[in-house]
Amino acid sequence: MSLYNKLTEAWENHDVEAYWACFHPDWEMTWHSTGKVTNLNSMSAEQMKAIMENADVKNRRCIYENDDILVIHSVNDYPDKTREAVIAVYTLQDGKITGLETGATPL
């Protein structure tokens, strides 16, 4: 199963353990909205589950995936009634996600 499929299945099932199993222990994410850097140690399972439950991800599609990179595009609706087109670029190493940067356009 591709990493994209594993991520998508875990997200749709709100399965934090399966989702985090896709990430390298040294993973870091840069938030598009603030530039803040997050890692696995800075987010609890409860916080991740809340994000999964509250973001309504639509039209998700894999733009490109190989052993080094995964690019996903989606349209996300949030509880505060905002909506964004989001591009997520994942850097990969040994089948795990090591980095994530996102860019978003308000819709």
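Helices (H or I, at least four residues) and strands (E, at least two) are DSSP runs, numbered from the N terminus. What you have open is a predicted model, where local features need pLDDT of at least 70, side-chain atom pairs count only at pLDDT 80 or more, and totals for chains, interfaces and linings use all residues. Residues are numbered from 1 along each chain as its sequence is written, and side-chain values use heavy atoms, with hydrogens and water left out.

**Stop one: the whole chain.** Colour by secondary structure and you'll find three helices and six strands. Walking from the N terminus, the order is α-α-β-β-α-β-β-β-β. The radius of gyration (taken over C-alpha atoms) is 13 Å, close to the 13 Å from the globule rule (2.2 Å times the number of residues to the power 0.38) for 107 residues, so the protein is as compact as a globular protein of that length. Along the principal axes, the C-alpha atoms fill a box of roughly 40 × 30 × 30 Å.

**Stop two: inside and outside.** Buried residues (under 20% relative accessible area, 1.4 Å probe, protein chains only) make up 34% of the 107. Now switch on the surface: about 6,500 Å² is exposed by the Shrake-Rupley method with a 1.4 Å probe, and carbon and sulfur atoms supply 49% of that.

**Stop three: Asp94.** Select Asp94, in the loop between strand 5 (83–93) and strand 6 (96–106). Is Asp94 buried or exposed? Asp94 counts as exposed (over 50%), because its relative accessibility is 70%. Add Val37 to the selection: its C-alpha atom is 22 Å from that of Asp94, with the two positions 57 residues apart along the chain.
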